[in-house]
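This report goes through a single protein chain, from selected residues to the overall fold. Please keep the sequence and the coordinates open alongside the text.

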Amino acid sequence: MQNDLGHYRRNYQKSELIETNVPDNPMQLFQTWFYEVEQFGGVEEANAMTVSTIGLDGFPKNRVVLLKKYTYEGFIFYTNYNSEKGKAIAANPNICLSFFWPNLERQVIIKGIAEKVSENLSDGYFESRPDGSKLGAIVSDQSEVIENRSVLEQKLKELESELKGKEIERPSYWGGYIVKPESIEFWQGRPNRLHDRLRYTLQKDYSWKIERLAP
């Protein structure tokens, strides 16, 4: 099989990214970009991000996860702690997050350290989920090999019966991570492939160093 994709190209020209027009803190710029992406439209889930980890087998692995909260401290998502990504983070908490927003020709790449959020925060988010999502989190031994889909459906049916009319509590193996950024790169598409790339790097005094990277 051969499929040449060399003709897939477009000229980026929707915006620019200039040092004199950006804030000192990258989280402020992220908030602005996220708001603009939502307002511009054309992206169904602006909070969809790629989470990259180094697995126990030594290989990097990417998967798309939904960002659930961001603060000046970092980026928060939720998962099964016993999943493949959870085990990878336990062994090596250095991970990468990335967002691609084609509607505004933008990318954001975040390198940071992942750590579990407080149990109270995980409890609060779990409680906000629909019952079906709560039950799904309990039923699924995420990343484990299963015989077929019927196994999951049967477990769900049994659990629905067992917990009918009862409070569905968060399992201890499910919760949130916060990724505290060490560097955040903002990429803005520009004409002739001379894209704008600004990288914020956290300094020892917790200020941010801003550098322009060649495209």
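## Asp 196 and its surroundings

Apart from residues within four places in sequence, Asp 196 has contacts with Glu 16, Leu 17, Ile 18, Phe 186, Trp 187, Gln 188, Arg 190 and Arg 212. The model is a predicted one. Asp 196 belongs to strand E8. Its relative accessibility is 5%, and since buried means under 20%, Asp 196 counts as buried.

Two polar contacts involve the side chain of Asp 196. One goes to the backbone nitrogen of Leu 17, at 2.8 Å. The other, at 2.6 Å, is made with the side chain of Arg 190. Pro 215 lies 19 residues from Asp 196 in sequence, and the C-alpha atoms of the two are 6.7 Å apart.

## Arg 106

Arg 106 sits in strand E6. With a relative accessibility of 5%, against a cut-off of 20%, Arg 106 is also classed as buried. Its side chain has a polar contact of 2.7 Å with the side chain of Glu 36. A further polar contact, of 2.8 Å, links the side chains of Arg 106 and Gln 188.

When residues up to four places away in sequence are not counted, Arg 106 touches Ser 15, Trp 33, Glu 36, Phe 99, Phe 100, Trp 101, Trp 187 and Gln 188. Gln 188 is thus listed for Arg 106 and also among the contacts of Asp 196.

## Nonpolar cores

Which residues touch the most other members of the largest nonpolar core? They are Phe 30, Phe 77, Trp 101, Val 108 and Phe 186, in a core of 32 residues. Two or more residues each come from helix H1 (26–40) and from strands E1 (48–54), E4 (75–80), E5 (94–101), E6 (106–116), E7 (174–188) and E8 (196–202). The most come from H1, which supplies six residues. In soluble globular proteins, nonpolar side chains tend to be buried together.

Phe 30 shows how parts of the chain meet. Beyond its neighbours within four places in sequence, Phe 30 is in contact with Leu 67, Tyr 70, Phe 75, Phe 99, Trp 101, Val 108 and Phe 186. Another core lies apart from the largest one and has 12 residues, including Ile 76, Val 117, Leu 135 and Ile 178.

## Largest pocket

The largest pocket holds about 350 Å³ of space. Its lining consists of 17 residues, of which Tyr 78, Thr 79, Arg 129, Gln 142 and Trp 174 are the closest to the centre.

At least two lining residues are supplied by each of strand E2 (60–66), strand E4 and helix H4 (131–139). E2 contributes the most to this lining, with four residues. E4 thus has a part in the pocket lining and in the largest nonpolar core.

## Helix H5

How far apart are the end C-alpha atoms of helix H5? The distance is 20 Å, and this agrees with the span of 20 Å expected for 14 residues (149–162) at 1.5 Å a residue. The N-terminal end of H5 is capped by Asn 148, with a side-chain oxygen 3.0 Å from the backbone nitrogen of Ser 150.

## Ser 207

Ser 207 is placed in the loop between E8 and strand E9 (208–212). Is Ser 207 buried, exposed or partly exposed? Its relative accessible area is 33%; partly exposed covers values between 20% and 50%, so Ser 207 is partly exposed.

The side chain of Ser 207 is joined to that of Asp 205 by a polar contact of 2.6 Å. Setting aside neighbours within four places in sequence, Ser 207 is in contact with Thr 201 and Leu 202. Asp 123 is 84 residues from Ser 207 along the chain, and their C-alpha atoms are separated by 32 Å.

## Whole chain

The secondary structure comprises five helices and nine strands. Along the sequence, these elements follow the pattern α-β-β-β-β-α-β-β-α-α-α-β-β-β. Along the principal axes, the C-alpha atoms fill a box of roughly 60 × 55 × 40 Å.

The chain has 215 residues, and 36% of them count as buried. Among contacts with a separation of 6 or more, 64% are between residues 24 or more positions apart.

Terms used:
Residues are numbered from 1 along each chain as its sequence is written. This is a predicted model: local features need pLDDT of at least 70, side-chain atom pairs count only at pLDDT 80 or more; totals for chains, interfaces and linings use all residues. Side-chain values use heavy atoms; hydrogens and water are left out. A nonpolar core is a set of buried Ala, Val, Leu, Ile, Met, Phe, Trp, Tyr and Cys residues joined through side-chain atoms within 4.5 Å. Buried means under 20% relative accessible area, exposed over 50%, partly exposed in between (1.4 Å probe, protein chains only). Contact means heavy atoms within 4.5 Å. The expected span of a helix is 1.5 Å times one less than its number of residues. A polar contact is a pair of N or O atoms within 3.5 Å; within protein, one must be able to donate a hydrogen and the other to accept it, and residues adjacent in sequence count only if both atoms are side-chain atoms. On a 1 Å grid over the protein atoms alone, a cavity is a set of points where a 1.4 Å probe fits but cannot get out, and a pocket is an open set with protein on both sides within 12 Å along at least five of seven lines; lining residues have an atom within 4 Å of a point. Grid points are joined across faces, edges and corners, and a volume is the space filled by probe spheres set on the points.
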